[in-house]
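Subject: Structure handover

Hello,

Here is the structure I promised to pass on. Please open it first, then read my notes below.

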Amino acid sequence: MSVWLGFAIYAIGLLGYNGTLRRLGVSPYLAWITAMLVQILILYGFAMTGWLTLGIQVVTYLGVGLAGLWLVMSFFRKAQLRFEGIHLFDFWMIGLGIVTGHTLWQSPLVHYDNFSHWAVMVKFMVFTGRLPGASDHLISFTSYPPATALFITQFVHWVGFSDGAMLVAQFILIWGAAYAIFAGLRDRSRALTSFALCFTLAISFVFNVAIRLNNLLVDYVLPIVTIAALVGIFVYRKRPILLCAHVAIFVSVLLLVKNSATFFVIMIGAYFLYTLITNHHWHWRRLITVPIQFAASIGAGVLPFVWWQWHVKQTFTVSKHQIST
């Protein structure tokens with residue numbers, strides 16, 4: 001399979017999830033990163049049950065099928081999406097994505113912490129079709145949570161394995177989280193406000209010297225996805241069902257990116273609770289519904305990580321990366 005054909009299949013699949021989420025009420029600016037995180041969670045389920053390669057194909061072709069369905073529905077003028085308009089920051093984000101993606105595709109992977117962590121895990125999963133186990137001696141630190149590795153593995157499965165493909169895959173995730181930030185703008189036609197956000201993102205890329213984009217460390221992924229989660233809480237503050245689902249999805253994936261994401265999850269949980277308390281007319285029933293909504297959302301978000309912790313204890317006798325109470 002050629003690189004362009006594989007990329008087209010992956011991109012159409014992502015478009016299918018994006019269109020589905022938008023029709024379910026997800027913000028068009030949050031739909032990209034949410035679609036990626038939903039795919040990660042589905043892939044995680046397949047990987048944990050030993051069907052990773054099948055899962056990659058099912059997840060991607062399901063997206064392709066959804067994209068075809070929405071195309072046909074739109075042709076008959078049913079379930080059409082409202083056009084959000086084109087803004088200056090859209091052109092900036094598209095330019096950023098093309099230029100950075102082209103550069104990363106030609107960039108070698110930096111070899112310092114990657115080859116004992118996520119890059120090796122990606123290579124292992126691409127060529128074996130499963131998560132690493134305790135008996136696999138070619139890879140160390142096998143108990144790292146696999147969220148970003150699963151996302152990169154899915155992309156590499158279609159476009160081919162290379163340093164550049166892995167770097168571009170991670171940048172797609174970062175791009176989706178960065179684009180979600182613009183959902184928080186009250187007036188997107190104001191160029192000054194938009195470009196203030198663009199400038200801030202550019203500065204964060206330029207001064208991202210310690211982490212950089214030419215390696216697979218997740219230290220930049222964690223905060224940018226967290227910011228997208230916080231923006232989503234603000235955007236969905238008047239829509240409780242979307243709000244709770246949004247929090248559960250982002251908490252789930254953040255905990256599966258790295259164990260230290262617990263710090264970011266606490267931030268999300270605090271803002272989520274504040275939003276639940278302050279953005280509705282107060283009534284005595286809120287004393288019951290707020291704790292239930294909070295516990296259900298955070299609890300659902302933590303469950304995949306609990307499954308991972310159980311997997312670590314069952315698979316690896318001794319692990320320096322599991323978290324005890």
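Let me start with one residue. Thr34 is in contact with Leu21, Val26, Ile249 and Phe250, once its neighbours within four places in sequence are set aside. Thr34 sits in helix H2, which runs over residues 31-48. Is Thr34 buried or exposed? Its relative accessibility is 6%. The cut-off for buried is under 20%, so Thr34 counts as buried.

Please keep in mind that this is a predicted model.

**Overall fold**

How many helices and strands does the chain have? There are 12 helices and 0 strands. Read along the sequence, the pattern is α-α-α-α-α-α-α-α-α-α-α-α. The radius of gyration is 20 Å, close to the 20 Å that the globule rule gives for 325 residues, so the chain is as compact as a globular protein of that length. The C-alpha trace spans about 55 × 45 × 45 Å along its principal axes.

Contacts come next. Take those with a separation of 6 or more: 75% of them join residues 24 or more positions apart. Buried residues make up 51% of the 325 in the chain.

**Surface and charge**

The accessible surface of the chain comes to about 15,600 Å². Carbon and sulfur atoms own 70% of that surface. On charge, the chain carries 19 positive and 7 negative side chains. The centres of these two sets lie 13 Å apart.

**The core**

Which residues have the most contacts inside the largest nonpolar core? They are Ile33 and Phe182, and the core has 100 residues. Helix H7 (residues 163-180) gives the largest share of this core, with 14 residues.

Ile33 is worth a look in your viewer. Leaving aside neighbours within four places in sequence, Ile33 touches Leu173, Gly176, Ala177, Ala180 and Phe250. Phe250 is also among the contacts of Thr34.

**Three more positions**

Ala165 is found in helix H7. Its relative accessible area is 0%, so Ala165 is buried. Beyond four places in sequence, Ala165 touches Trp105, Phe155, Val156, Val159 and Gly160. The pair with Trp105 spans 60 residues in sequence. In space, the two are 6.0 Å apart, C-alpha to C-alpha.

Where does His87 lie? His87 is in the loop between helix H3 (52-75) and helix H4 (88-105). With a relative accessibility of 15%, His87 counts as buried, because the cut-off is under 20%. Its contacts are Tyr29, Arg188 and Ser189, not counting residues up to four places away in sequence.

Pro223 belongs to helix H9, residues 221-235. Its relative accessible area is 28%. Partly exposed covers the range between the buried limit of 20% and the exposed limit of 50%, so Pro223 is partly exposed. Pro223 and Leu254 are 31 residues apart along the chain. Their C-alpha atoms are separated by 9.5 Å.

**In short**

You have a predicted model with 12 helices and 0 strands. The largest nonpolar core has 100 residues, and helix H7 supplies its largest share. Of the positions above, Thr34, Ala165 and His87 are buried, whereas Pro223 is partly exposed.

Best wishes

Methods:
Residues are numbered from 1 along each chain as its sequence is written. This is a predicted model: local features need pLDDT of at least 70, side-chain atom pairs count only at pLDDT 80 or more; totals for chains, interfaces and linings use all residues. Side-chain values use heavy atoms; hydrogens and water are left out. Helices (H or I, at least four residues) and strands (E, at least two) are DSSP runs, numbered from the N terminus. Buried means under 20% relative accessible area, exposed over 50%, partly exposed in between (1.4 Å probe, protein chains only). Contact means heavy atoms within 4.5 Å. The radius of gyration is taken over C-alpha atoms; the globule rule is 2.2 Å times the number of residues to the power 0.38. Accessible areas come from the Shrake-Rupley method with a 1.4 Å probe; for residues, only the protein chains shown count as cover. Lys and Arg count as positive and Asp and Glu as negative; His and the chain ends are not counted. The place of a charge is taken as NZ of Lys, CZ of Arg, CG of Asp or CD of Glu. A nonpolar core is a set of buried Ala, Val, Leu, Ile, Met, Phe, Trp, Tyr and Cys residues joined through side-chain atoms within 4.5 Å.
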